[in-house]
Amino acid sequence: LLYTIKFELMKMTILGVCALLASALVLQAAAADDLVLDNNQFFIYNKNWHKARLRQWGPQWRDYGTYEHEVADNQLWKFEPHPNMEGCYYIINEAYPRYRFADSKQNGLVLIKGAYNNNQLFKVVPSGDNDDFYYIYSCVLKKDRITKKGVKNKEVGRYGGSVYNDNQLWKLVPRFTADLYTDTIFHYDNRQGSKEITQEISVTTGVVKTTEGSVRSTTTYKASMEASIAGSKASSEFTQQLEASFTSSSQSSWSKTETIGFTIPAGKNFKVMQHKASFNGVMPQDSCTLMTSIKIFESDSETFNDPDDFVI
């Protein structure tokens with residue numbers, strides 16, 4: 001009887017540990033899933049040297065390292081997914097788009113251009129501590145991970161040993177964070193009026209930069225914006241407007257403004273609302289606002305019904 005009780009207790013303990021491990025794996029997977037990697041761009045910060053970001057400063061094999069001062073687009077890295085190897089990415093610099101990180105037994109971690117091959121592929125793996133830091137592993141030399149070996153900017157390379165520490169952990173900060181909202185662009189309360197009123201207002205749709213400064217590549221700029229709103233409410237509407245706005249490389253053509261006339265009926269509370277997205281860039285010159293569709297609301301009272309769930 002005593003043996004049976006001990007055995008049952010042992011079974012319960014093992015099952016409990018398995019349940020905890022399963023929960024931890026689910027949390028770890030969720031942490032990875034929350035990060036939209038495909039064709040997104042990131043500033044990549046080291047955990048141990050928390051201000052140090054990966055940077056490329058030239059076209060040579062070893063022209064990479066870290067930098068701790070002002071942000072610039074040569075510290076911005078695109079994660080381009082491989083079409084067949086799920087979870088594996090080419091890591092490409094914004095300022096040097098022909099170059100990719102590569103890891104080989106002979107040369108270690110280098111920058112390379114030319115033909116694409118699998119030693120240029122990397123995967124992002126959560127630290128396991130639910131702390132938003134990741135190991136960046138080679139998809140071929142599966143133990144190798146990118147590490148910052150010391151305080152100097154050039155002390156970055158690969159490590160494939162058994163010791164795991166904060167030097168090998170990186171935080172991926174997206175190029176953009178996005179705030180989606182519904183803005184009231186016109187409001188007129190004509191509930192006390194006995195006549196209809198006609199008003200004209202200017203309506204802008206498209207992308208408007210909120211700060212001065214040029215964009216090196218509209219392709220990566222747009223892709224990073226799309227990644228920052230992926231999965232959010234009305235994301236398809238915003239994505240369609242982005243596609244339409246960036247058909248031209250000229251910033252002056254990214255948006256259009258037109259005058260629209262509205263008739264406010266007598267006895268009605270009337271407003272026009274518009275979907276907008278504020279894209280806040282780590283680099284201030286990136287920041288912009290995207291404006292999309294509008295909708296008219298009419299009411300007999302102070303409040304408005306929203307049966308189509310238009311308001312974000």
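These legends go with a few views of a predicted model, starting with the whole chain and ending at Glu-94.

**View 1. The whole chain, with its helices and strands.** Start here to get your bearings: the chain has 17 strands, plus three helices. It runs to 312 residues, and 42% of them count as buried. Its accessible surface adds up to about 16700 Å², with carbon and sulfur atoms making up 51% of that. Now for the contacts: taking those with a separation of 6 or more, 63% link residues 24 or more positions apart.

**View 2. Residues 1-32, where confidence drops.** Across the chain, the mean pLDDT is 90, and 89% of the residues get to 70 or more. Residues 1-32 are another story, as pLDDT stays under 50 there. For this stretch, the model has seven contacts beyond four places in sequence.

**View 3. Glu-94 in its loop.** Look between β5 (89-93) and β6 (100-104), and you'll find Glu-94 in the loop that joins them. The relative accessible area of Glu-94 is just 6%, so this residue counts as buried.

**View 4. The side-chain partners of Glu-94.** Zoom in on the side chain of Glu-94 and you'll see a polar contact of 2.7 Å with the side chain of Gln-41. Another polar contact, of 2.9 Å, runs from the Glu-94 side chain to that of Thr-220.

**View 5. Who else touches Glu-94.** Leaving out residues up to four places away in sequence, Glu-94 touches Gln-41, Asp-73, Leu-76, Arg-175, Arg-216, Ser-217 and Thr-220. Gln-41 and Thr-220 are the partners from the previous view, with polar contacts to Glu-94 of 2.7 Å and 2.9 Å.

Conventions
Residues numbered from 1 in each chain as written. Predicted model: local features only at pLDDT ≥ 70, side-chain atom pairs only at ≥ 80, totals over all residues. Heavy atoms only, no water. Helix = DSSP H or I, 4+ residues; strand = E, 2+ residues; numbered from the N terminus. Buried < 20%, exposed > 50% of the residue type's maximum accessible area, 1.4 Å probe, protein only. Contact = heavy atoms within 4.5 Å. Areas by Shrake-Rupley, 256 points an atom, 1.4 Å probe, with all protein chains shown as cover. pLDDT = per-residue confidence, 0-100. Polar contact = N/O pair within 3.5 Å; in protein donor to acceptor, adjacent residues only side chain to side chain.
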